[in-house]
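Please open the model in your viewer and keep the selection tool at hand. The stops below are meant to be taken in order.

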Amino acid sequence: MAAALALSERTRARTFPNPNVGCVLVRDGAVVGRGWTQPGGRPHAEAMALDEAGARARGATAYVTLEPCAHASPRGPACADLLVASGITRAVVALGDPDPRTDGAGLARLRAAGIAVEVGIGADAARRAMAGFLTRRALGRPYVTLKLALSLDGAAAMADGRSQWITGPEARAHAHLERARHEAILVGRGTWEADRPRLDVRLAGLEGRAPLRVVLSAGTPAAQERDPRWTSTPAGIASLPADHLLIEGGAGTAAAFLRADLVDRLLLYRAPILIGGGRTLPDIGLAALGDAHARWRLADSRQLGSDRLEVYERG
């Protein structure tokens with residue numbers, strides 16, 4: 001299942017509106033097929049793995065990160081039917097599919113064909129890998145990551161607003177990798193007009209994975225630009241063609257999304273510098289200090305050159 005989850009990450013933020021699924025077929029202790037949802041959503045992971053395995057799929061175990069789909073589509077047959085026809089004898093599935101067209105029907109179809117089915121192996125990791133798809137299904141909006149680059153004393157910029165560069169090259173390269181893992185990236189209007197940021201991916205081999213650019217502005221221009229797109233409220237992100245949204249600035253925009261309780265994940269890049277008198281986040285709507293506790297849990301931490309990355313998820 002860990003291998004299937006790793007495969008699913010290859011097309012994170014490239015399969016919208018489909019989930020990024022991974023599949024591994026194992027027979028007699030050897031991998032005979034591997035697959036992951038392809039860009040644009042097709043072929044599905046199971047179809048790709050079965051195509052690679054061919055006749056070797058008969059008698060195999062399928063490890064799949066999400067319940068195989070049970071609905072027919074003009075773009076391809078149902079994966080549950082493909083698995084049944086292939087002759088696999090066992091299916092290990094991390095999560096059920098919340099899509100009402102499948103939701104339990106895929107598992108039922110496998111069991112009806114005499115295939116042994118296990119559900120829940122690697123469930124927590126699968127929820128993290130498919131957080132965008134699952135958040136869209138549950139809440140009707142993208143999964144939102146807020147990126148903040150801070151000094152040791154918590155400043156996001158100098159007193160005059162300058163913030164380039166708080167972090168070093170390794171941290172900035174990691175931030176570009178994060179951009180490649182999101183369908184959309186958002187900044188506030190002040191940041192957009194002052195800096196005209198490119199908001200692209202400047203990593204060799206990943207240049208083509210630049211996200212859709214979005215600007216938050218209380219008063220959007222009369223003649224809106226198609227690139228970037230504009231939204232007048234944080235809640236407006238629900239209409240974006242994206243399951244993963246990265247927020248990159250400025251401080252007022254970050255605070256607006258925190259006040260609206262629309263942040264699911266925090267990326268804190270801490271630089272070993274002191275600014276003193278610098279700018280920090282404005283009011284985020286916290287009524288009492290006690291309300292701030294147990295809100296976030298540390299999910300990852302690593303050193304990036306001289307900077308420290310801390311990743312927090314909703315508690």
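How do the residues lining the second largest pocket divide into nonpolar, polar and charged? In this predicted model, the lining comprises 16 nonpolar, three polar and six charged residues.

To see this pocket, select Leu 258, Leu 266, Ile 284, Arg 295 and Trp 296, which lie nearest its centre among the 25 residues that line it. The elements that give two or more residues to this lining are β6, α9, β11 (265-270) and β13 (307-314), and the volume of the second largest pocket is about 590 Å³. While Arg 295 and Trp 296 are still selected, show their side chains: the charged end of Arg 295 sits over the ring of Trp 296, 4.6 Å from the ring's centre.

Move next to the largest pocket, whose volume is about 1100 Å³. Selecting Ser 163, Thr 191, Asp 195, Glu 248 and Gly 249 marks the residues closest to its centre, out of 37 that form the lining. If you colour by secondary structure, you can pick out β6 (143-150), α7 (169-180), β7 (184-188), α8 (189-195), β10 (244-249) and α9 (251-259), each of which supplies at least two lining residues. By class, the lining of the largest pocket holds 14 nonpolar, twelve polar and eleven charged residues.

Now select Arg 172 together with Trp 165, where the arginine lies over the face of the tryptophan, at 4.6 Å from the ring centre. From Arg 172 you can measure across to Arg 127, which is 45 residues away in sequence and 27 Å away in space, C-alpha to C-alpha. Arg 127 belongs to helix α5 (residues 123-129), and its relative accessible area of 43% makes it partly exposed.

For the next stop, select residues 1-118, which an unreviewed UniProt entry annotates as "domain: CMP/dCMP-type deaminase". Over this range the chain is 27% helix and 20% strand, with the end C-alpha atoms 12 Å apart.

Some backbone details deserve a closer view, because most residues other than glycine have a negative phi, and most peptide bonds are trans. The peptide bond from Phe 16 to Pro 17 is cis, with omega near 5°, and Pro 17 is placed in the loop between α1 (2-8) and β1 (22-27). Another cis peptide bond joins Arg 42 to Pro 43, with omega about -10°; Pro 43 is in the loop between β2 (30-36) and α2 (45-53).

Select Asp 28 next, in the loop between β1 and β2, where phi is positive at about 55° although the residue is not a glycine. Is Asp 28 buried or exposed? Asp 28 counts as exposed because its relative accessibility is 76%, and the cut-off for that class is over 50%. Leu 199, in the loop between α8 and β8 (212-216), also has a positive phi of about 55° without being a glycine. Leu 199, however, is buried, because its relative accessible area is 3%, and buried means under 20%.

End at the largest cavity, which has a volume of about 40 Å³. Among the residues that line it are Phe 16, Phe 133, Glu 183, Asp 243 and His 244, so that a selection of Phe 16 brings you back to the residue that precedes the cis bond to Pro 17. By class, the lining of this cavity has four nonpolar, five polar and two charged residues.

Technical notes:
Residues are numbered from 1 along each chain as its sequence is written. This is a predicted model: local features need pLDDT of at least 70, side-chain atom pairs count only at pLDDT 80 or more; totals for chains, interfaces and linings use all residues. Side-chain values use heavy atoms; hydrogens and water are left out. A charge sits over a ring if NZ of Lys or CZ of Arg is within 6 Å of the ring centre and within 35 degrees of the ring normal. UniProt positions are given in the numbering used here, feature names are shortened, and annotations may be inferred rather than shown by experiment. Helices (H or I, at least four residues) and strands (E, at least two) are DSSP runs, numbered from the N terminus. On a 1 Å grid over the protein atoms alone, a cavity is a set of points where a 1.4 Å probe fits but cannot get out, and a pocket is an open set with protein on both sides within 12 Å along at least five of seven lines; lining residues have an atom within 4 Å of a point. Grid points are joined across faces, edges and corners, and a volume is the space filled by probe spheres set on the points. Ala, Val, Leu, Ile, Met, Phe, Trp, Tyr, Cys and Pro count as nonpolar, Asp, Glu, Lys and Arg as charged, and the others, Gly among them, as polar. Buried means under 20% relative accessible area, exposed over 50%, partly exposed in between (1.4 Å probe, protein chains only).
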